[in-house]
Amino acid sequence: MQGRKPEYYHVCTEGLEKKLLFRDRQDYISGMNSIPICAVRSGVHILAFCLMDNHVHFILEGKRANCTTFISEYKRRCSQALRLKYLEVQALHGTGVFIGHIDSGEYLLSSIAYVLRNPVTAGLKFLPFHYPWCSAGLYFKTGHDSMLQETAGRTRHSGIGKNNNTNTGRSAPELLQGKYQAKPTSEPACGTAGTSRDEGSPREKRIADIPGYVIRQRLRTRNCDLPGHYIINDENMIMPECYVETKLVENIFLSPKRFLYYISRNTDREIELSMGLAKKISFDDIQIKTALLQTCTEEFNSDSPDRLDMDDKCRLMIMMKKRYGASAKQLARLTGIGIDFLTQLLR
């Protein structure tokens, strides 16, 4: 992996309308176990994930072709599980998939937060850190108490996400240049085999200490090519801290406070627009101008588009179209850039 520019993708499935992917705890555990199995087979790294009852979200590091292989294999395993347990044939046939390239540090931060916010967005009575089928609880574990207190405080007050002091520091464009890399799959990162990390938690064992035929039976897979240091608990679930790139994500967010800021920030409309899920959303001039100045500051460290050189202005205009659906006419009106030039640029 060293020496190459990392690629990040937001990968998700279309929400099912008439059936559910996961209907009970065992279904979710099966869905969780499919994540590392598919990741190892496709050669991707998992930065974040969230399993909802009718769709799934992942933030992956890897080539687009590998991400396509990952989600295709994941869908296949889910479909197989539905067929075996509920006798549903071709349950996911025709289910759409979104694979979106993450092209900036700010977009990476927002996309991870969007994925982890899914339980809240769906109206479930969970903080992201407490939802058991996503990776939110894995990051900044030593800061969880203060993070939860701060979350409660933000929930009680109307100024959620408005404290710009929490958004200081780098915007993380260096992440897209390869400064931070996912850890090798063989790196032990799952604790001590056969011990409980928390009092009263299920006992856990390393996969290497369990006979192969038992692992294949528990995980419902013919070939178990998972690293031996991965840990499985007595519910037959592979512990997610074994395969989620927690340190990489912590490096991306820099601090628990900044992580909380992005989790609290509601950028759902922006992300869904980029995914093509919100084509009917439109932003007025005031909203676009606010987003324009914010993006200018976060991406180019400048307080005004007027201070950018022409190359950066072009990049900013493309970002505004991609993220907010801003039209050439609207951007020309707000920036004074010629409409003919913008029309050509944004084609």
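Contact here means heavy atoms within 4.5 Å, and helices (H or I, at least four residues) and strands (E, at least two) are DSSP runs, numbered from the N terminus. You're looking at a predicted model, where local features need pLDDT of at least 70, side-chain atom pairs count only at pLDDT 80 or more, and totals for chains, interfaces and linings use all residues. Residues are numbered from 1 along each chain as its sequence is written, and side-chain values use heavy atoms, with hydrogens and water left out.

**Exercise 1. Work out which parts of the structure helix 7 packs against, and with which residues.**

Step 1: Find helix 7 at residues 246-253.
Step 2: Check burial. Buried means under 20% relative accessible area, exposed over 50%, and partly exposed in between (1.4 Å probe, protein chains only). By that rule 6 of the 8 residues are buried, so the helix is mostly covered.
Step 3: Name the buried ones: Thr-246, Leu-248, Val-249, Glu-250, Ile-252 and Phe-253.
Step 4: See what they pack against: strand 1 (8-13), strand 2 (45-51), helix 3 and helix 8 (256-264).
Step 5: Look just past the helix, where Leu-254 has a positive phi, near 75°.

**Exercise 2. Test the length of helix 3 and decide how enclosed it is.**

Step 1: Get the expected span, which is 1.5 Å times one less than the number of residues. For the 12 residues of helix 3 that should be 16 Å.
Step 2: Compare with the model: the end C-alpha atoms are 17 Å apart, which agrees.
Step 3: Count burial. Since 12 of the 12 residues are buried, helix 3 is largely enclosed by the rest of the structure. Among them are Gly-105, Glu-106, Ser-110 and Tyr-114.

**Exercise 3. Find the residues that touch the most other members of the largest nonpolar core.**

Step 1: Know the rule. A nonpolar core is a set of buried Ala, Val, Leu, Ile, Met, Phe, Trp, Tyr and Cys residues joined through side-chain atoms within 4.5 Å.
Step 2: Pick the best-connected members. Out of 75 residues, they're Ile-46, Leu-51, Phe-58 and Tyr-74.
Step 3: Ask which helix gives the most. That's helix 3 (residues 105-116), with 8 residues.
Step 4: Spot the other core lying apart from this one, with 18 residues, including Phe-300 and Leu-342.
Step 5: Zoom in on Tyr-74. Leaving aside neighbours within four places in sequence, Tyr-74 is in contact with residues including Phe-22, Cys-38, Leu-51 and Phe-58.

**Exercise 4. Compare the surroundings of Arg-25 and Leu-226.**

Step 1: Place them. Arg-25 is in helix 1 (residues 25-42), while Leu-226 is in the loop between helix 6 (212-219) and strand 6 (231-233).
Step 2: Check exposure. Arg-25 is partly exposed, at 44% relative accessible area, and Leu-226 is buried, at 9%.
Step 3: List contacts, leaving aside neighbours within four places in sequence. Arg-25 is in contact with Trp-133 and Glu-235. Leu-226 is in contact with Pro-36, Ile-37, Val-40, Ile-207, Leu-219 and Ile-238.
Step 4: Set sequence against space. Arg-25 and Trp-133 are 108 residues apart along the chain, yet their C-alpha atoms are separated by 9.8 Å. Leu-226 and Ala-39 are 187 residues apart in sequence and 9.6 Å apart in space, C-alpha to C-alpha.
Step 5: Widen the view. In the protein chain, residues 24 or more positions apart account for 71% of the contacts with a separation of 6 or more.
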